[in-house]
Structure formats: structure tokens, C-alpha cells
Amino acid sequence: MSKRANDRVRTWITRESLDDFGRFENIVREIGSVEDGALLFFQGRVRRTNRGRAVSRLRYEAYGEMAERELAAIGHEALERFDVGSVAAAHRVGDLGLGEVSVAIAVTSAHRDAGYAASRWIIETIKVRLPVWKHEHYEDGESHWVGAPPLEAGTSSGGSRFE
């Protein structure tokens, strides 16, 4: 008997740590199937540098309800587009330090190729569609909302277009 799509997707937006693989393993155990021979995990982490600048921390902000609905829609679309058994995806909001996980994705599939393709599509789609905004803070004290145009020379100081 096959599971309904709603039983095969778990998504959430959270302020809690996403560093623990065990949490995802338990979720995937609930929504996965013995038909799935592959289990892929992806974690996006806060890295020290971005575009040549030394990052000190990040802050993610979201339009909560809309972000949760959109992340669920992305998970369900992945089921339709790829031959995968289940999808779990979460995005962190709030302040994150270097090395902390900002996004986590788990995909199960009968074979690894479909799982890799789905995982790649999910992260790329999250970056385009999810109403979550990244505010990078740099070691030199400046900050920038990623995706916002840089300040032009001669405009007000402060380092961020939105502060």
C-alpha cells in the first residue's frame, strides 16, 4: 500500500538547531518506506566567507506562515517531479553563528540518482521561492541583506541598505 503525499513530506521553519542528523533520521523513518534504498542528507551551514568578505554571523528572517506553506509546496512538488519516496526539509530563522546549519534536507528514493536530483532541486528552489531573508554580518562591522543591491558610494554609512 502506498502512502499519501501528505504522509511523505515533513517541512518546517524553526528557531531551533538543525545540526542533529538524528532528528531527521527519526522523521525519515516515519515517512520513508522499505522501498527506498537511498537516503540523502543535505545541510547548508554558515560559512566564514562569502564573496570574499569575512562573515561573523547571519540572521535569517521569514514571513512565517507563508514560508511554512511554501516549503511544504516545494516538498510536494519534489514528490511530483522526481521519483522519490519522501522529503523532509527545514529552514532556520534567527541568529546563527559560523558552522551552524541554516537549512536541512532529507530525501529518500529507490535509487540514489533521483534522490540527488531532488535534493539539488529542493535547495535551489528554496533559494528562489522561500520568503526567508538572509542578513549577513561581517567581521569589519558592516552588514548586508543578501540579494539587496550594494550601497552606492556617497550614500549614508552603516553598511546595509535596510538598516
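Which residue forms a salt bridge with E124? In this predicted model, the partner is R120, with the closest N and O atoms 3.3 Å apart. Both residues sit in helix α3, which spans residues 112-129, and because they are four residues apart there, about one helical turn separates them. Their surroundings are not quite alike: E124 is partly exposed, at a relative accessible area of 36%, while R120 counts as exposed, with 55% relative accessibility.

That pair belongs to a set of 13 salt bridges in the structure. Another one links the side chains of E16 and R23, at 3.8 Å from N to O. Here R23 comes out as partly exposed, its relative accessible area being 29%. R57 and D95 also pair up, and their closest N and O atoms are 3.1 Å apart. In this case the partners come from separate strands: R57 is part of β4 (residues 53-62) and D95 part of β6 (residues 94-97), so the bridge ties together parts of the chain that lie 38 residues apart in sequence. Neither end is buried, since R57 has a relative accessible area of 34% and is partly exposed, and D95, at 44%, is partly exposed too. The R57 and D95 pair doesn't stand alone, either: salt bridges with shared partners join R57, R59, E61 and D95 into one network.

Now for the overall layout. The protein chain contains three helices and nine strands, and read from the N terminus the order is β-α-β-β-β-α-β-β-β-α-β-β. Of its 163 residues, 44% are buried. Sequence-distant pairs feature heavily in the contacts: among those with a separation of 6 or more, 70% are between residues 24 or more positions apart. On the outside, the protein chain exposes about 9500 Å², and 47% of that comes from carbon and sulfur atoms.

Helix α1 (residues 21-31) shows how one element is split between inside and outside. Its buried residues are F24, I27, V28 and I31. These cover an arc of only 100° around the axis, which means that they fall on the same side of α1. Turned away from that buried side is a face carrying the exposed residues R29 and E30. As for what lies over the buried residues of α1, the cover includes strands β1 (9-14), β2 (38-45), β5 and β7 (101-109). The N-terminal end of the helix is capped by D20, which places a side-chain oxygen 2.9 Å from the backbone nitrogen of G22.

Strand β5, one of the strands covering α1, runs over residues 84-92 and includes S86. How buried or exposed is S86? With a relative accessible area of 1%, S86 is buried. The S86 side chain nevertheless finds a polar partner, making a contact of 2.6 Å with the side chain of T108. Leaving out residues up to four places away in sequence, S86 touches R8, I31, G32, L79, A106, V107 and T108. One of these neighbours, I31, has already come up among the buried residues of α1.

Definitions and conventions:
Residues are numbered from 1 along each chain as its sequence is written. This is a predicted model: local features need pLDDT of at least 70, side-chain atom pairs count only at pLDDT 80 or more; totals for chains, interfaces and linings use all residues. Side-chain values use heavy atoms; hydrogens and water are left out. Helices (H or I, at least four residues) and strands (E, at least two) are DSSP runs, numbered from the N terminus. Buried means under 20% relative accessible area, exposed over 50%, partly exposed in between (1.4 Å probe, protein chains only). A polar contact is a pair of N or O atoms within 3.5 Å; within protein, one must be able to donate a hydrogen and the other to accept it, and residues adjacent in sequence count only if both atoms are side-chain atoms. Contact means heavy atoms within 4.5 Å. A salt bridge is a side-chain nitrogen of Lys or Arg within 4 Å of a carboxyl oxygen of Asp or Glu. The arc is that of the directions from the helix axis to the C-beta atoms. Accessible areas come from the Shrake-Rupley method with a 1.4 Å probe; for residues, only the protein chains shown count as cover.
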